[in-house]
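Please open the model in your viewer and get ready to select a few side chains. We will take the cysteines step by step.

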Amino acid sequence: MANSALEIVGLLLTLIGLIGAAASTGMPMWRVTAFIGENIIVFETRYEGLWMNCYRQANIRMQCKVYDSILALPSDLQASRGLMCCALALAGLGLLIALLGMQCTLCIQNNDQAKRMVLIVAGSMIIIACICVLIAVSWAGHVIIRDFYNPLLIDAQRRELGEALYIGWVASAFLLIGGCMFVCCNVQSEDKGLERYRYARTSDFVNYPPQPLQPQQLVVLPQTQPQFQPVLSRHPSTNYSYHSRYPSVRSGVAYL
């Protein structure tokens, strides 16, 4: 019962992490214009994402344009796009595989070991998806921070961390917790079923010398007499164990 509740919690956490990773992948708020210096009044904000860049004017209207080519993106955004797509695929497949191995489903019946192995595989895939998301958002964040403190860049070229990066970090945390719950719970349940015997090193023991084998006295068992079984025959038998009222044929011939 406890494992079933933990599996449901892990499934919900994985689903939340998958939704967060998908939102982070589609949002254009990976890089946001940094307003520094003497400019206080801001009329335009620029957002750069994995798939498009957008402009917002005076917080009223936003215009977006999809990138013409993936080669036009910086190297960190190109790698982040591939890693986020891999993370979504792994998390989605891990979620579907986890549904097959949960105790509340009837996909795999009468085989608890197979269910545990399926959940361990699903949890491993979810953890790998978490690592992909974490690498993508951390790499993009590192490049943004490095360029922000680069003295060779002007203020108009500096960027800040966008909302998509924070959502990606939170989604990776949910995926990590969900995957660990799938893996750890099933590994512990598998170990509990095994009986382990531990021997104390400080226990007192006595070595007994080997004793020679002594011949044992033979015992003669009494044999029972075989019992005669009645045999069917065409000829009349002369051995009777009871007194008959009618004389036999031989007795009649002897009387004559």
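Before the first selection, a word on terms: buried means under 20% relative accessible area, exposed means over 50%, and partly exposed is anything in between. Keep in mind that this is a predicted model.

**First stop: the disulfide.** Select C54 and C64 and show their side chains. Their sulfur atoms lie 2.0 Å apart and form a disulfide; the structure holds one such link. Now look at where the two partners sit: C54 belongs to strand β3 (residues 52-57) and C64 to strand β4 (residues 61-66), so the disulfide ties together parts that are ten residues apart in sequence. Turn the view to look along the S-S bond, and you will find a right-handed link, with 110° about that bond.

**Second stop: the surroundings of the pair.** Is C54 buried or exposed? C54 is buried, at a relative accessible area of 0%. C64, by contrast, is partly exposed, with a value of 43%.

**Third stop: C85.** Select C85 together with C86. The cysteine sulfur closest to that of C85 is in C86, 7.0 Å away, which is too far for a bond. With a relative accessibility of 36%, C85 is partly exposed, because partly exposed covers values between 20% and 50%.

**Last stop: C184.** Move on to C184 and add C180 to the selection. How far is the sulfur of C184 from the closest cysteine sulfur? The distance is 5.3 Å, to C180, and that is too far for a bond. C184 also counts as partly exposed, at 39% relative accessibility.

Conventions. Residues numbered from 1 in each chain as written. Predicted model: local features only at pLDDT ≥ 70, side-chain atom pairs only at ≥ 80, totals over all residues. Heavy atoms only, no water. Disulfide = S-S within 2.5 Å. Helix = DSSP H or I, 4+ residues; strand = E, 2+ residues; numbered from the N terminus. Buried < 20%, exposed > 50% of the residue type's maximum accessible area, 1.4 Å probe, protein only.
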